[in-house]
Protein chains: 2
Amino acid sequence: MIKKRGLLIVVSGPSGAGKGTICANLLTKKNSIYPSVSTTTRKPRKGEIRGINYNYISKEDFEEKIKNNQFLEYAKVYDNYYGTPKDFVLEKLSKGEDVLLEIDIQGAIKVREKFPDGIFIFILPPSMAELRNRIVNRGSETKESLEKRFMAAFQEIKLIKKYDYFIVNDKVEDATRNLVSIIEAEKSRVVKNVDEIIENFRR
Amino acid sequence: MIKKRGLLIVVSGPSGAGKGTICANLLTKKNSIYPSVSTTTRKPRKGEIRGINYNYISKEDFEEKIKNNQFLEYAKVYDNYYGTPKDFVLEKLSKGEDVLLEIDIQGAIKVREKFPDGIFIFILPPSMAELRNRIVNRGSETKESLEKRFMAAFQEIKLIKKYDYFIVNDKVEDATRNLVSIIEAEKSRVVKNVDEIIENFRR
């Protein structure tokens with residue numbers, strides 16, 4: 001039997017494209033895929049669970065980890081840090097297991113620099129009109145912030161060039177199936193498994 | 001709607017790996033994929049249908065087509081020519097349609113030189129022992145030709161390095177599903193569709 005290599009699956013896209021829903025749906029279908037949990041210095045919100053939503057640490061500890069190059073990427077948003085711990089990803093991959101990283105576009109591009117072997121997937125809304133609807137329907141936005149998010153989404157779509165794959169999120173089930181296909185195809189790549197294959201057929 | 005580009009899907013592998021069965025199974029599931037029909041100078045055998053099994057032409061016509069660069073690849077086996085007509089493939093791809101080419105390993109490598117945009121998939125037997133069983137069970141081989149085919153298969157497996165994807169053909173249904181995933185993933189490649197995507201989201 002050929003033991004296929006583990007993958008870092010990076011799912012990204014503009015706000016409102018639906019990457020969170022697709023990732024959650026994927027994880028219910030594939031329990032062999034481990035979600036990467038971000039580390040943050042902000043306080044837990046009501047209902048959030050340590051180790052599921054985030055790892056919560058102090059600002060001092062976070063800066064220590066930055067110094068020790070322990071993040072695949074990190075960012076400071078207002079007064080809080082958010083980062084993707086490197087150890088968890090590397091440990092799972094070394095065991096041949098798959099890791100799912102749901103992340104914004106700027107974060108994904110930083111991860112790509114450190115980890116070009118990952119597979120980078122961009123979730124697209126069916127259309128700009130539909131993206132606007134989705135942002136409006138969330139209802140939690142003022143008119144200005146809505147317009148700002150919408151314009152940002154349009155600019156961000158141009159960054160799709162830095163990605164390997166795109167998925168149009170019209171229906172969540174179809175989009176999730178498309179994501180599963182991409183993962184299965186990437187596991188079938190010769191370049192990632194060639195030594196293992198040749199070894200397997202040696203007599 | 002993003003109109004995805006057509007693909008040339010090249011399915012190849014050693015004799016006995018089962019590429020024919022997988023391709024036939026794929027075509028029953030996906031009637032949007034057109035099989036490429038080879039051209040040959042050999043006479044039709046009983047039960048073969050012109051335009052389904054092969055296009056049958058004269059030796060003179062075949063050599064004329066070689067001169068006019070009308071084959072993606074061709075080979076002479078004993079006294080007969082076999083070739084893959086270029087026109088059919090290019091015409092279907094230009095319409096955004098997919099073409100399936102089932103071909104031996106030497107042929108696939110020649111196609112890759114002329115058409116690097118194709119996706120090249122190598123069908124593997126589950127093991128060398130199983131490959132031997134399959135060749136034996138066909139029953140139509142002498143002991144010498146069996147041994148020869150088996151050794152050739154082993155040498156050919158090393159050529160997998162020239163391919164994009166591998167599929168282990170343990171169960172035909174699983175292998176076909178794997179092939180469908182690869183095709184769907186390739187249709188989701190940013191690099192093949194980026195202009196169409198950006199155009200689609202321009203306001």
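So, before the pictures: copies here are superposed by least squares on the C-alpha atoms of residues with pLDDT of at least 70 in both. This is a predicted model, where local features need pLDDT of at least 70, side-chain atom pairs count only at pLDDT 80 or more, and totals for chains, interfaces and linings use all residues. Residues are numbered from 1 along each chain as its sequence is written, with chains lettered from A and ligands numbered from 1 in the order written.

OK, the symmetry. A turn of 180 degrees, with a shift of 0.0 Å along the axis, lays chain B on chain A with an RMSD of 0.0 Å. The two copies are thus related as by a two-fold rotation axis. Which residue of chain B comes closest to that axis? That's B:S181, with its C-alpha at 2.2 Å. And 100% of chain B's interface residues are also interface residues in chain A, so the copies meet through the same surface.

Now the inside. The largest nonpolar core has 88 residues; that means buried Ala, Val, Leu, Ile, Met, Phe, Trp, Tyr and Cys joined through C-beta atoms within 7 Å, buried being 20 or more other C-beta atoms within 10 Å of a residue's own, with C-beta atoms placed from the backbone. Among those with the most contacts inside the core are A:I9, A:V10 and A:I121, plus B:I9, B:V10 and B:I121.

Let's pick on A:I121. Contact means C-beta atoms, placed from the backbone, within 7 Å. Leaving aside neighbours within four places in sequence, A:I121 touches residues including A:I9, A:V10, A:Y163, A:L179 and A:I182. So that's my tour, thanks!

Technical notes:
A residue is buried if 20 or more other C-beta atoms lie within 10 Å of its own, exposed if 12 or fewer, and partly exposed in between; C-beta atoms are placed from the backbone. Two residues are in contact if their C-beta atoms, placed from the backbone, lie within 7 Å.
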